[in-house]
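Please open the structure in a viewer and keep its sequence at hand. The tour below proposes selections in turn and describes what is found at each stop.

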Amino acid sequence: MRKTLLIVVLLSIRLIASAQLSLADLKLSNKLYTGKAGQILNEISAELNVDIVNHAEEVNPVWYTFRGMNTSVEAFLDRLCKEYKLKYVIDQEQVIHIYDRKADTSAVKVSSSVNLESTAPPESFNFTLSGYVKDAFSGENLPYATIAVKGSLLGTQTNANGFFSLVGVPSDTVLLEVRYIGYNTTSIRLNPSLPKSGLIIEVEPASTELQEVVVQSEREDLMQIDAAEGLSLLKMSPKQMSKLPNVGEKDMMRALQLMPGISASNESSSGLYVRGGTPDQNLVLYDGFTVYQVDHLYGFFSAFNSNALKDIQLYKGGFESRFGGRLSSVTEITGKDGNDKALNAGAEISLLGLNGFIEGPIGGKTTFLLAARRSYKGPIYNKIFDKFNDNSTTNNAQAGSGFGGPGGGRGFANFQTKASSFFYDINTKITYKLTPKDNISFSVFNGTDKLDNGFDLDNSSLPSFGGGSGQGGGRDFSVSNTDLTKYGNTGLSLKWNRTWTDRLYGSTLASYSYYFSDRDLTNSVSISNDSGDDQTVRFGTLENNDLRDFSLKSDYTYDLSNEHHLGFGAFASKLLIDYTFSQNDTSTILDKNDRGLVAGFYLQDKMKLMENKLTVVPGARLSYFDMTGKPYLEPRLSASYSLTAGFTVRASTGRFYQFANRITREDILSGSRDFWILSNDENIPVSSSEHYILGGSYETKKLLFSVEGYYKQLHSLSEYSLRFNTSPREISLEENFYNGDGYAKGIEFLVQKKYGDFTGWASYTLGQTRNKFAVYSDDYFPANQDVTHEFKAVSIYSIKRWSFSATWVHATGRPYTAPSGAYSITLLDGTTSDYFSTTDKNSLRFPNYHRLDLAATYTFSSADREREIGGLSFSIFNLYDHTNVWYKQYSIVDSEIIETNVTYLGITPNLTLTLKLR
């Protein structure tokens with residue numbers, strides 16, 4: 001049966017009759033062929049005047065329906081012949097013969113043969129092959145795909161623009177194997193007629209097969225561990241994220257949190273806590289520009305629209321020299337360029353919001369993409385917003401999402417609030433192919449959250465005031481409560497990619513990033529009477545944080561040989577950061593306006609030794625920071641060694657500096673907040689870290705086993721606290737910034753099932769993160785993000801058009817500091833102030849965190865069942881409704897401490913409908 005189907009596929013190819021029949025130039029037809037195989041054979045022969053001889057006549061009565069997709073014939077033949085052990089030849093009379101691979105074809109006079117066992121003699125040897133790997137359906141260039149010569153250790157990887165250069169190809173008849181996460185593994189047989197430069201290789205997404213007969217092959221699924229080069233590298237397929245359970249949107253950052261070594265127990269942040277690091281220590285790049293805030297709606301959703309994403313790479317540690325400015329990790333996100341073959345559009349609606357996109361070609365050289373989404377006051381949005389505002393007990397119990405914590409309190413919670421809260425984001429990208437060697441792209445991102453919980457009161461809603469009647473005794477009284485948080489990002493990048501030669505590739509990028517966070521938690525009380533004596537009093541807190549990043553960088557790769565791949569480049573960033581924290585309109589506690597320039601260059605060499613079994617990547621990055629007037633050298637080294645075909649050991653080390661830090665502003669009573677600030681090497685020193693990583697993995701066709709240990713030494717960390725100086729009149733900038741050191745260490749275990757109907761993984765991380773600040777303690781104490789044990793299990797089962805998934809997370813509770821006692825003191829002016837003492841820094845822990853999420857997705861197909869055009873997904877977050885503590889709130893009443901738990905989401909269902917043209 002399988003041979004029958006293969007032969008029918010081959011027979012449904014649109015053939016061209018010419019003096020020399022060349023399958024390299026043929027494309028699969030878009031025409032729909034349906035009927036018995038023999039009838040299809042006769043139809044094609046009559047239409048194209050081509051002779052086809054089927055040497056397996058038993059397939060003639062088989063009924064079959066097939067449509068081609070304008071994909072090259074060679075790509076189909078290479079894959080299918082390998083799968084079913086067949087071959088085909090074209091004789092000198094231009095007749096196509098189809099045989100079993102073991103059949104004797106010596107009597108056939110062959111003019112050309114394009115199959116996995118090519119008989120065409122090679123013409124070129126030891127040459128450089130270059131080109132692009134693309135999505136077969138959309139034409140998108142695929143970054144970081146691997147291309148290897150089958151049966152050898154020779155291989156390479158595409159860059160961020162999908163370009164590859166493979167040096168030292170033995171001959172022009174070798175078999176190439178192309179792999180990319182979320183796509184079918186594709187085999188391509190070279191032949192002398194194919195170009196050596198500018199070769200286009202198209203691979204197919206590993207989506208649900210919708211034809212009547214399913215052709216199965218190897219494929220890369222949702223997540224992939226890359227052991228090459230010694231890097232702690234995770235890859236993720238945005239195409240497959242919809243299979244996972246979600247709260248309201250399929251979310252790239254939430255999916256990354258399910259990977260080993262990344263904490264998944266902090267629902268209030270979409271940021272990544274990687275191996276004991278904080279979200280600000282993770283460099284997030286989107287199309288080259290830096291994203292400084294990745295949260296929507298108190299951190300429950302990330303700022304990245306999955307419809308605009310093409311590729312995600314996460315370096316968990318020991319990252320290479322082209323990245324810098326962060327202590328812990330790097331998340332590199334590549335956005336879609338847009339479909340270059342046909343117009344496409346789609347939309348999603350869920351219980352959270354609306355999400356739509358449109359993409360397509362403009363002329364022959366330009367593609368575009370536009371994606372946008374917006375929340376609405378639906379069941380999920382309301383549940384999150386109302387829950388985290390109703391839980392507050394005082395007006396000061398707030399920590400705006402723009403400052404790294406939960407939302408603000410309502411105060412007068414029994415009054416109607418303003419219903420104007422929402423979030424939105426927009427992604428736009430235009431790509432122009434200037435020449436075959438030049439490509440220019442312009443990418444724009446904008447996302448904003450507005451969380452408004454304010455209200456207005458006047459006499460009509462208040463009891464009598466001042467001893468008068470319900471009208472206020474002749475006095476007008478009004479209260480305006482402002483509880484407004486606004487934060488967001490804007491990013492722009494202009495990128496020029498050029499293939500200078502087959503071995504030299506360059507990329508130059510100019511970018512702009514803007515992050516803002518405004519928090520207004522104030523009350524304005526206005527009193528007026530008949531005598532015209534008006535009085536207005538305003539009290540509360542105001543916070544504002546603005547960050548602007550103007551950057552220019554240029555990266556180059558040069559392939560000296562198959563054993564040496566040189567990488568080098570230069571960079572410069574101008575950072576402007578402002579932060580203001582004030583009370584009562586007149587008392588400014590902290591006012592910072594910093595301007596700094598970071599510039600430098602990097603160099604690295606990827607060396608393949610010992611017959612390509614050993615890969616060593618030495619490198620260095622040199623930066624100059626004008627705020628300190630000092631250079632900063634960052635040596636890096638990573639290595640991997642293949643002991644056997646499936647067993648690899650890897651190691652990496654390096655030094656890393658961070659010049660812009662997100663400082664924790666400790667608040668014991670109502671939850672800490674964070675703000676961005678620039679180092680100055682005085683009270684805010686430049687922070688640094690050293691990484692030491694060692695691991696190994698064993699991989700088979702279906703399974704992956706991996707273990708990796710890490711140790712990070714952290715220096716010159718900073719924190720801001722008011723607990724030692726609670727009166728604004730006594731506050732000074734120098735007294736309230738505190739510095740310390742720390743470390744993070746741990747070991748990660750992973751087992752993954754990669755292929756088949758049932759896939760998934762289970763991981764366990766044993767970790768420890770400790771800080772030491774002399775102001776808190778002479779000893780090391782648990783850092784805010786310390787999680788000792790974390791176990792995660794992810795399972796996905798696919799059957800026909802259905803996909804079922806489940807995720808379970810169990811983690812040690814995070815540490816916290818609490819008030820241990822309270823007292824009141826009467827000051828000299830007769831006023832009374834409340835004070836409190838605290839437990840040792842982070843000496844207490846929340847209860848263990850755990851939850852189970854489920855999802856089911858049904859895929860819609862087109863009328864001819866050839867492609868996916870949408871789906872319906874139902875998910876349940878926190879299925880068994882476990883109560884997980886977010887943070888604790890405290891208030892002091894009559895010298896007593898009242899404690900309130902603020903919890904995360906309980907059981908939350910979601911329904912998402914997705915529709916698209918193609």
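Two strands are said to pair if DSSP finds at least two bridges between them. Strands (E, at least two residues) and helices (H or I, at least four) are DSSP runs, numbered from the N terminus.

This is a predicted model, in which local features need pLDDT of at least 70 and side-chain atom pairs count only at pLDDT 80 or more, while totals for chains, interfaces and linings use all residues. Residues are numbered from 1 along each chain as its sequence is written, and side-chain values use heavy atoms, with hydrogens and water left out.

**The whole chain**

Begin by displaying the protein chain, which holds six helices and 53 strands. Of its 918 residues, 58% count as buried; buried means under 20% relative accessible area, exposed over 50%, and partly exposed in between (1.4 Å probe, protein chains only). About 35,700 Å² of the chain is exposed, and carbon and sulfur atoms supply 55% of this area. Accessible areas come from the Shrake-Rupley method with a 1.4 Å probe; for residues, only the protein chains shown count as cover. Among contacts (heavy atoms within 4.5 Å) in the protein chain with a separation of 6 or more, 67% are between residues 24 or more positions apart.

**First stop: three strands**

Select residues 789–799, strand β43, together with residues 802–811, strand β44; the two pair in the antiparallel sense over ten bridges. Lys-792 has Val-809 in β44 as its bridge partner. β43 and β44 form a hairpin with two residues between them, and Lys-800 in the turn shows a positive phi of about 50°.

Now add residues 849–861, strand β49, which pairs with β44 in the antiparallel sense over ten bridges. Which residue in β49 does Ser-803 stand opposite? It is Thr-857.

**Second stop: salt bridges**

Side chains of opposite charge can pair when their charged atoms come close. A salt bridge here is a side-chain nitrogen of Lys or Arg within 4 Å of a carboxyl oxygen of Asp or Glu. The whole structure contains 30 salt bridges.

Select Glu-708 and Arg-275, whose side chains meet in a salt bridge at 2.4 Å, N to O. Glu-708 lies in strand β39 (residues 703–721) and Arg-275 in the loop between α4 (252–256) and β16 (282–286), so the pair ties together parts that are 433 residues apart in sequence. Both residues, Glu-708 and Arg-275, are buried.

Move next to Asp-483 and Arg-519, a salt bridge whose closest N and O atoms are 2.8 Å apart. This pair links distant parts of the chain, with Asp-483 in strand β28 (residues 475–499) and Arg-519 in strand β29 (residues 504–529), 36 residues apart. Asp-483 counts as buried at 2% relative accessibility, and Arg-519 is buried with a relative accessible area of 2%.

Then select Glu-634 and Arg-636, which form a salt bridge with their closest N and O atoms 3.0 Å apart. Glu-634 is buried, at 1% relative accessible area; Arg-636 is buried too, at 6%. After this pair, highlight Glu-140, Asp-287, Lys-310, Asp-337 and Lys-429, which are joined into one network by salt bridges that share partners.

**Last stop: Gly-709**

Return to strand β39 and select Gly-709. Is Gly-709 buried or partly exposed? With a relative accessible area of 21%, Gly-709 is partly exposed. Ile-693 is 16 residues away from Gly-709 in sequence and 5.8 Å away in space, C-alpha to C-alpha. Leaving aside neighbours within four places in sequence, Gly-709 is in contact with Tyr-692, Ile-693, Leu-694, Gly-746 and Ile-747.
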